[in-house]
Amino acid sequence: MKNSTIRLALAGICSMLPAISLAHNVWLLPSSTVLSKAETITVDAAVSNDLFVFNYLPLALENLSVRAPDGSSVTIDNPHRGKLRSVFDLKLQQTGTYQLTITNRGAFATYRLNGENKRWRGAPEALATAIPKEATDLVVTENFGRVETFVSLGNPGAVPARNSGLELLAVSHPNDLVQGQSASFQLIADGKPAPDIEVNIIRGGTRHRNRLDNISMKTGADGKFTVTWPEAGMYWLEAELTDKNTSIPQATQRRLSYAATLEVTPE
């Protein structure tokens, strides 16, 4: 799928998935998002051309974290990385909401060396030794991406902010979304409201329809936005922010990206 609205800053994971285009979709897809009793779910993780279709690359799981309702970390079971997707199992036992997140930090640099334009991307700590001392016209961008989904056992519970990077806070709970009803959320960057940020929301199944049916809006001054769900199904939400709040000394800008998979149930 080639569309300028479907983009996610992937530089932070390029050490695991080299040469990924920014036009691809990056997602976690749980087999269930709401459970009535303790059981195990399976989660797919992929980078794709079409939403929730395994047709490009697997998403690496090295930087995956699962936060249980009580804030503790949960170990996944049976992780596997295939040619087109990664997959793992997760046993849910606590009542409340689990937050499944892959976070990736990275750096992207452009420079000139011996009259030629060069590019480099990788881990921030490798930057100092990766760029030759004789390089000129060095421009460095810091990247911080977050990809996540939410799964609830019993009544949905609170999902506390981590106050780092770009995050989605629930005014309406992400596991309580219903077709035809409105839901409100807030985007925050490093714990503060992220105003005037474009948010794109796309329902899965793009491979089998002619129109993208993208829902696009901007956050308000308080970082909040509201969406009315037109149909039931799995949705992909993405947003991106560029600022100058870098933690890498050589970087002149920082690119924050966020993507989440949400399920909307029939009315």
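## Close-up views of a predicted chain

Buried residues account for 50% of the chain's 267 residues. The model is predicted.

**View 1. The whole chain, with 1 helix and 19 strands.** The radius of gyration is 19 Å, close to the 18 Å that the globule rule gives for 267 residues, so the chain is as compact as a globular protein of that length. Along the principal axes, the C-alpha atoms fill a box of roughly 60 × 40 × 40 Å.

**View 2. Contacts across the sequence.** Take the contacts in the chain with a separation of 6 or more. Of these, 66% join residues 24 or more positions apart.

**View 3. The surface and its charges.** The exposed area of the chain is about 12500 Å². Carbon and sulfur atoms supply 47% of that area. The chain carries 26 positive and 26 negative charges. Their mean positions lie 5 Å apart.

**View 4. The two faces of strand E17.** Strand E17 spans residues 224-228. Phe225 and Val227 form its covered face. Lys224, Thr226 and Thr228 form the uncovered one. Why do covered and uncovered residues take turns along a strand like this? In a regular strand, side chains alternate between the two faces of the sheet.

**View 5. Strand E17 beside strand E13.** Strand E13 covers residues 182-189. E13 and E17 pair in the antiparallel sense, over 5 bridges. Which residue of E17 stands opposite Ser182? The partner is Thr228, a residue on the uncovered face of E17.

Notes. Residues numbered from 1 in each chain as written. Predicted model: local features only at pLDDT ≥ 70, side-chain atom pairs only at ≥ 80, totals over all residues. Heavy atoms only, no water. Helix = DSSP H or I, 4+ residues; strand = E, 2+ residues; numbered from the N terminus. Rg over C-alpha atoms; globule rule 2.2 N^0.38 Å. Buried < 20%, exposed > 50% of the residue type's maximum accessible area, 1.4 Å probe, protein only. Contact = heavy atoms within 4.5 Å. Areas by Shrake-Rupley, 256 points an atom, 1.4 Å probe, with all protein chains shown as cover. Lys, Arg positive; Asp, Glu negative; His and termini not counted. Charge placed at Lys NZ, Arg CZ, Asp CG, Glu CD. Pairing = 2+ DSSP bridges.
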